[in-house]
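Please find below a colleague's notes on this model, set out as numbered points. They take up the main pocket and then one of the strands that contributes to its lining.

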Amino acid sequence: MGNPLVRMLLGTPLHGMLDHSFLVLHLTGRKTGRRYDIPVGFADMEGRLAVVTVARWRVNLRGGADVEVTLRGCLRPMHALLEEDPASVAVSDQAMINRMPARPSGLPRPGSGRPAAARRCRR
């Protein structure tokens, strides 16, 4: 129920309220060819985006997959890899936990003049 609301907010001028912790992952199902637009929480791990999920859609990323990500109002092409090795996942999870702020920092400052629709961004 929350996914459509978050997806909608991330595509409006209000996206700034969620940009620090959410993005929309756009991927295509391996078997069905169905397109998924999934709002997910993420962490920036030294320039690499990390998402933790137990949702079934993750299997579409096995072996790597070209995806698009709407982040901070920009649509960006990316390559996603699914990490399933328990030891590696544990290390990544701990690194993500270590990057979390000690307490919530509140909402970011509103309005940076970004357009409402996701735009392709320069690299």
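**Notes on the largest pocket and strand E1**

1. In this predicted model, the residues that line the largest pocket divide into 17 nonpolar, 4 polar and 4 charged. The volume of this pocket comes to about 880 Å³, and of the 25 lining residues those closest to its centre are Leu-49, Ala-50, Val-51, Leu-81 and Glu-83.

2. Two or more residues of the lining come from each of strand E1 (22-28), strand E4 (48-50), strand E5 (65-71), strand E6 (74-80) and helix H2 (86-99). Helix H2 gives the most to the lining, with 5 residues.

3. Strand E1 deserves a separate remark. Of its 7 residues, 5 are buried, so E1 is largely enclosed by the rest of the structure, where buried stands for under 20% relative accessible area.

4. On the pairing of E1, the strand runs antiparallel to strand E2 (residues 35-41), and the two are joined over 7 bridges; within this pairing, Thr-28 has Arg-35 of E2 as its bridge partner. E1 and E2 together form a hairpin with 6 residues between them, and in the turn Gly-33 has a positive phi of about 75 degrees.

5. E1 also pairs with E5, again in the antiparallel sense, through 3 bridges, and here the bridge partner of His-26 is Glu-68 in E5. Both E1 and E5 are among the elements that give two or more residues to the lining of the largest pocket.

Conventions:
Residues numbered from 1 in each chain as written. Predicted model: local features only at pLDDT ≥ 70, side-chain atom pairs only at ≥ 80, totals over all residues. Heavy atoms only, no water. 1 Å grid on protein atoms, 1.4 Å probe; cavity = no way out; pocket = protein on both sides within 12 Å on 5 of 7 lines; lining within 4 Å. Points joined across faces, edges and corners; volume = space filled by probe spheres on them. Helix = DSSP H or I, 4+ residues; strand = E, 2+ residues; numbered from the N terminus. Nonpolar A, V, L, I, M, F, W, Y, C, P; charged D, E, K, R; others polar. Buried < 20%, exposed > 50% of the residue type's maximum accessible area, 1.4 Å probe, protein only. Pairing = 2+ DSSP bridges.
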